[in-house]
Each structure stands twice: as structure tokens, then as C-alpha cells.
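Me: Could you take a close look at the aromatic rings in this one and at what sits around them? I'd like one connected walk-through, please.

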Amino acid sequence: MTLTPNQVRLMMLKVADAIIAAEAMLSQADRDLGDGDHGLGMKRGMEAVKAQLDPMNPNSVEQVFVTTGTAMMASMGGASGALFGTVYRAGGKALAGRTSFDSEGLALLLEAALEGVMKRGGAKPGDKTMIDAVAPAAAKAREITALPLTGALAAVAAAAEAGKEASKDMIAQFGRAKTLGAACLGFPDAGACSVVIMLSTMREFVLVAH
């Protein structure tokens with residue numbers, strides 16, 4: 001079971017809509033730990049993604065993901081723009097030459113995203129960042145490349161959710177949340193919340209598409 005480049009485009013439009021709809025929740029998650037602007041930034045980024053993907057007739061999976069990342073980087077600014085832009089730009093480039101998106105492609109996307117974000121931001125698992133959702137998702141995706149994409153995305157989204165929940169018990173090492181010390185315990189990282197929404201929306205899209 002695979003997705004064509006155009007199905008990947010439609011999937012990312014659904015992801016954009018889900019992030020835009022979650023703006024208030026994501027802003028509150030960020031407010032609990034520091035700034036409070038994560039939801040607005042992600043909304044702005046995904047509105048830019050929609051403007052790029054709406055008219056596109058993609059000829060590759062790579063093109064869809066790289067366009068998504070480039071639009072986020074150009075429109076969001078700040079750390080979130082750089083990091084989420086890297087997720088899709090690095091992830092997309094890892095899919096160069098692939099004409100469809102399957103479970104192996106999902107693993108390649110997430111592994112490259114994790115490597116790119118760790119290199120760009122300097123964080124590691126356990127630092128209470130988006131990496132705490134991406135890392136378990138990438139590890140799970142690599143374990144289950146033999147599964148159909150529906151099963152793989154269900155397991156990967158669940159792994160990201162578990163990672164986001166685990167981030168509640170971490171003390172932040174980056175950003176404004178770092179200044180809170182133990183006061184940040186009990187709250188999930190806002191970036192990890194965004195990762196969960198993205199992967200859960202991909203899972204839902206694939207279930208409906210097939």
C-alpha cells in the first residue's frame with residue numbers, strides 16, 4: 001500500500017488544516033512552558049504550506065515534503081520555523097527518487113527529520129523538545145517497515161503520543177522553558193504536541209484513503 005505524490009499533497013493539506021485548527025491548544029501548551037506563540041507560528045507556517053500545495057501538481061513525494069518545509073521556514077521565522085522546516089526538508093530529501101510513499105519511506109522521512117533537527121537545534125531525547133516525539137516515532141517506523149502504511153502510521157503516531165506524554169516528566173533544557181526548572185513538570189512540550197497532530201492526521205488520511 002502506497003501513496004502517490006498527489007495523495008501525499010492531499011495528506012499534507014489535511015495536516016495543515018489540523019495544525020491550523022489546533023492553534024489555541026498549541027498556544028496554551030506553549031504558554032504553560034514559556035512563550036505562548038507556538039500555535040500562532042505553526043498556523044502561519046501551515047497557511048503558507050497550503051498556499052504552496054493547493055495549486056501544485058507534484059511529480060515526486062520529495063517535492064511535496066521539501067515544499068512544505070521550505071514554506072514553513074520562510075513564513076514562520078524563529079526556532080519553530082527552522083526546526084519544523086528541517087523536519088520536512090531533510091525528510092523530503094531522504095525520499096529523493098521515490099515515486100510513492102510507503103512504510104519504508106515513512107521510516108526514511110522520520111529518521112532524516114530526527115537527524116536534521118538534532119543537528120540544527122542541538123537537543124537530544126530527554127531534553128523536553130519536539131525530539132521526544134520524533135525520536136520514538138522514527139525508531140518505531142524503522143522496526144515496522146514490513147507493515148502496510150496504515151498499520152505503520154498507527155504505530156508511529158502512538159509512539160509519538162507516548163513520547164509527548166513522557167515529556168511531561170522531563171525538565172526542559174532549551175528555550176524559555178529551561179528557566180522554569182521543576183515548574184515545567186506535568187506539561188508536555190508544545191513542539192511534541194505538534195508532531196503528534198501531524199502524525200495522527202497522516203494516520204487518519206491513510207485510513208480514509210484506503
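Reply: Here's a walk through the ring cluster and then a leucine beside it. Bear in mind that this is a predicted model.

Let's start with the rings. Searching the whole structure turns up two aromatic pairs. Take F65 and Y88: their ring centres are 6.2 Å apart, within the 6.5 Å cut-off for a pair, and their planes sit at 10°, so this pair counts as stacked. Planes have to be under 30 degrees apart for that label. The pair also ties together distant parts of the chain, with F65 in helix α4 (residues 61-76) and Y88 in helix α5 (residues 78-93), 23 residues apart.

How about solvent? F65 has a relative accessible area of 0%, so it's buried. Y88 comes out at 2% relative accessibility, so it's buried as well, given that the label applies under 20%.

The rings don't stop at that pair: F65, Y88 and F101 are joined by ring pairs into a cluster.

F101 is also our way over to the leucine, since L106 touches F101. L106 belongs to helix α6 (residues 103-121), and with 0% relative accessibility it counts as buried. Leaving out residues up to four places away in sequence, L106 touches A141, L149, A152, L153 and V156 in addition to F101. One more distance for your notes: the C-alpha atoms of L106 and A137 are separated by 9.8 Å, with the two residues 31 apart along the chain.

So, to trace the path once more: F65, Y88 and F101 make up the ring cluster, and F101 is in turn one of the residues L106 touches.

Technical notes:
Residues are numbered from 1 along each chain as its sequence is written. This is a predicted model: local features need pLDDT of at least 70, side-chain atom pairs count only at pLDDT 80 or more; totals for chains, interfaces and linings use all residues. Side-chain values use heavy atoms; hydrogens and water are left out. Rings of Phe, Tyr and Trp (its six-membered ring) pair if their centres lie within 6.5 Å; planes under 30 degrees apart count as stacked, over 60 as edge-to-face and the rest as tilted. Helices (H or I, at least four residues) and strands (E, at least two) are DSSP runs, numbered from the N terminus. Buried means under 20% relative accessible area, exposed over 50%, partly exposed in between (1.4 Å probe, protein chains only). Contact means heavy atoms within 4.5 Å.
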